[in-house]
Structure formats: structure tokens, C-alpha cells
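Visitor: I am new to this kind of picture and would like to learn how to read it one feature at a time. Could you show me the chain, so that we can begin?

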Amino acid sequence: MPIIVQKYGGTSVGSLDRIRNVAARIKRTCDDGHQVVAVVSAMGGVTDKLIAMSGELCPEPPDRELDVLLSTGEQQSIALLAMALCSLGVEAASVTGRQAGILTTGAHTRGRILEIDPSFMTRLLEEGRTLVVAGFQGVTPEGNIHTLGRGGSDLTAIAVAAALKADVCQIFTDVDGVHTCDPRVVPTARKLPELSYDEMLEMASSGSKVMQSRSVETAKKFNVIFEVRSSLNDNPGTLVLEEHPAMENVVIRGVSIERSQARVTITGIPDSPGMSAKILGVLGEAEVNLDMIVSNIAHDGYARQSFTMHSNDLGRAQAALKPILAELGPDAAIETEGGIAKLSCVGIGMRTHSGVAARMFQALGDAGINIGMISTSEIKIAVTVDETRIEDAARVVHDAFRLDQPPD
């Protein structure tokens, strides 16, 4: 019998009525002849309440205990959903991360999945059970409860689908699928019927909030076909799969925006080997996630490096860099800039079509929008602009590539 993994986020199970709706959807899928494994997040708002409670008791709660606390949100959801399914006559069983065999590694509150032993889940499926698995959590080799950080339930669903060799993984959210741009920013944005893993990965890393990039990376690694669709209706969503030749006919698939970016520039760096390694090394140790990186030699013979990051990481980046300024040279200095945003154009069609950057820059120039840093890959062009103009930038570029119209 085909196995379908369905992931439901906190909004989808945010109330008892919504849990009943999810249970009814799962029952319909079972009635269609599928075995269902549902991966569920905590009810909307529960995780924030738990964090707030921990903060009242302890200003800096230990990460290990925070993991134990936060994991209870998903366990509440899976038990309630299993009960709702049982009331509909569906034989269901709730499964915690530990029971699902999800072995994790890394720091507490931001774990990574090491491997999954699906034997417990497989046994329950063979007994004819519908499974309701807790997302966002696993267990370390030492036996500690471990949460997976932001987007952890998506990652759980993809990894479980890979371990069970599911036919498809459906990611249910509060949107109908992946659009050519955020419809709240570009009202003419169009839902995409399909995307390649690489396109989805670039869009996720460029600000699209539909899925986290590490979930897409896992799907690509294990060739898990997944569909992003709404839990509020039965409309078809966006299918994400391995690319095929027809996809190259579409030059630009979508436009993504990422707000709240900051830029750090270090000037006066001697043009000597090892300087970049020293700078990026301390930022890596401080766990600052860098995005765009530009390095060049100024007319005075000194090098300068600029990199962008989320504005939340700016203070940590400055604190990490200040102690090594003297090691970089007597003229080394740090400049910072906030209030910027990133605009990205994504599409595997760029590999076989020229002139994409020129068209994008022309559209921005005609709209009077100044470009800061530029970053490119085989299937993406990204630029920074003033954050106050990011929505204007998204609209003019979306129009320039006529993304509101289906491809020929």
C-alpha cells in the first residue's frame, strides 16, 4: 500500500476544530487507499508560551532543559490528533521523536538528524496503524531529548519520508503552494505547479518562508518528492522534484525577498595570504551565518571585505571581529550598515539563457532603485537594496520577467 507522509504545521493544528479538520483530511487519504504518516508541529502559539514561561523562571534557561520543555508541545499535538482520528474510526498511534528512531547530533535547540531507524514505525504500519509523529525532535546518542530548531518539523517529515521510502511527502501550510513571489508583496504573483530541488533550495535560502533550506537539501539528497499545499482547501500545490529538460525553458522561476539584512565591511586589510581565513574563521566560531561575500583590492593596495548577514547577527559579528582587528593590521577598521534587504531572481533556465542580469538591473535602474552588493550562482542573481524599496524592487523585477503569466 502506498505510503504518504503529510506534515501539518502549528497553524493547521492551532485549535481543536482545526485538529478535527486535519483528522478528516487524513481519513480521506486513508480511504483513498494510502497509508498515512502525519508529522505534526506544536499547536500555534504553544512554543512561544513555553519559551515565555521558561524565561520567567530562569533568565537564561539551560539549552538541555529547554529542549525537554519545547518537545512537549509536539507531544501534545500528536496525542490530540491521534485521539481525533480514533473518534473517526481510524486506528492511529502517536509516535514521539525517540520512538520514531530519529537520532540527532549537534548543539541543543538546533540539532541535526544523524540517521533514522524506522523499525518501530514500520511495525506499526504493518499492523495497519495510521501514525502521528512528533516533528521538531529526536534523541542524541547519549539519550537526551533534542530539538531541531527552526523548520524542524519540515525536516522531520522529509527525513521520515526518506526512511520509510514514502511515495510522496505533502507539506501542508497556510498557503496554496510556492508562488513566483510573495503574493502579499506582488498581488499578481502566480502559483508554480512545480519546481526543481535546486530552485526551491535557492528560493528558500533567499528569503522564501515556505520551507527551510536544510529540509530541501535533505529532500534532494534522498530524492524525496514533496508537495507544498494548503491545509485549508483541496487545491493542488507545488510539486518539488528532480529537474527535467522542460524546466530550462523558463528563464526565471521566481523572485524572493529577504528583509532585515545588515552589511559589515572591513577596510585596510593587508593584501596577504590567510587574512580571509582569519576573518571568516572567527565569524564561524561565533556561529554567524554569512550570506553574500565580496572581497576586492582598493586603489591604495589594501584589501576590503564585505559580507551580509541577518541583522540579528550584527552585534555578535562585531564582537567577534573587534579582537582581531589589531592582528589584521594597523589600518584595519570595521564599517557596518543596517536597513538593507536582499532581492533574488531564481531559475535553472539561466544556465542556457543570457542577458538575465542586464534585464534585472535595467528594471531596477528605470525604477530609480540603487543596487548595493551583487551575488550570482548558476541559477540565481541576488542584489542588496535599501529595505524601504524592497517591495518596489520585487514588483518591478517580477513585471520585467512577466512572471504573472504562465510560460509559453
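Guide: In this predicted model, R25 is a good residue to begin with, because its relative accessible area of 8% is under the 20% below which a residue counts as buried.

Visitor: Which residue forms a salt bridge with R25?

Guide: The general idea is that side chains of opposite charge can pair when their charged atoms come close. Here the partner of R25 is D234, and the closest N and O atoms of the two are 3.3 Å apart. The pair links distant parts of the chain, for R25 belongs to helix α1 while D234 lies in the loop between β11 and β12, 209 residues apart. Unlike the buried R25, D234 is exposed, with a relative accessible area of 53%.

Visitor: Which residues of α1 are buried, and which are exposed on the other side?

Guide: An α-helix has 3.6 residues a turn, so residues three or four places apart point the same way. In α1 the buried residues are I19, V22, A23, R25, I26 and T29. They lie on the same side of α1 because they cover an arc of only 160° around the axis. D17, N21 and D31, in contrast, are exposed on the other side of this helix.

Visitor: What covers the buried residues of α1, and how many residues does the helix have?

Guide: The cover includes the strands β1, β2, β6, β9 and β11, together with helix α3. Helix α1 itself runs over residues 16-31, which makes 16 residues, and it reaches 22 Å from its first C-alpha to its last, close to the 22 Å expected at 1.5 Å a residue. Just after α1, G33 takes a positive phi of about 100°.

Visitor: If I turn to strand β6, is T130 buried or exposed there?

Guide: T130 has its place in strand β6, and it is buried, with a relative accessible area of 5%. Leaving out residues up to four places away in sequence, T130 touches I26, C30, V36, L85, V90, E91, A92 and A93. One of these contacts, I26, is also among the buried residues of α1.

Visitor: And what should I look for at D67 in helix α3?

Guide: It helps to compare places in the sequence with places in space. D67 is found in helix α3 and counts as buried at 0% relative accessibility. D67 and T147 are 80 residues apart in sequence, and their C-alpha atoms are 5.6 Å apart in space. Beyond its neighbours within four places in sequence, D67 is in contact with H108, T109, I145, H146 and T147.

Visitor: How many strands form the open sheet, and in what order?

Guide: When reading a sheet, one can follow the strands from edge to edge. Six strands form this open sheet, in the order β14-β15-β13-β16-β18-β17, and the pairing is antiparallel. Its edge strands, β14 (293-297) and β17 (374-376), each pair on one side only. Neighbouring strands of the sheet are turned against each other by 30° on average, with direction ignored.

Visitor: Over how many bridges do β17 and β18 pair, and which helix packs on the sheet there?

Guide: The pairing of β17 with β18 (residues 380-386) is antiparallel and extends over three bridges, with I374 standing opposite V383 in β18. Helix α11 (residues 356-366) packs on the sheet and touches β16, β17 and β18, its direction making about 20° with that of β18. Helix α6 (residues 197-205) lies across β13, β16 and β18, and runs at about 145° to β16.

Visitor: Returning to charged pairs, how many salt bridges does the count come to?

Guide: The count comes to 25 salt bridges. Among them, the side chains of D182 and R184 meet at 3.0 Å, N to O, where D182 is partly exposed at 26% relative accessibility and R184 is exposed at 72%. Another joins R316 and D313 at 2.7 Å, N to O; R316 is partly exposed, with a relative accessible area of 37%, whereas D313 counts as buried at 11%. Salt bridges that share partners also join D198, K220, E243, R351 and E378 into one network.

Key. Residues numbered from 1 in each chain as written. Predicted model: local features only at pLDDT ≥ 70, side-chain atom pairs only at ≥ 80, totals over all residues. Heavy atoms only, no water. Helix = DSSP H or I, 4+ residues; strand = E, 2+ residues; numbered from the N terminus. Expected span 1.5 Å × (residues − 1). Buried < 20%, exposed > 50% of the residue type's maximum accessible area, 1.4 Å probe, protein only. Arc of directions from axis to C-beta. Contact = heavy atoms within 4.5 Å. Pairing = 2+ DSSP bridges. Axes fitted to C-alpha atoms, helices over the stretch in contact; angles between N-to-C directions. Salt bridge = Lys/Arg side-chain N within 4 Å of Asp/Glu carboxyl O.
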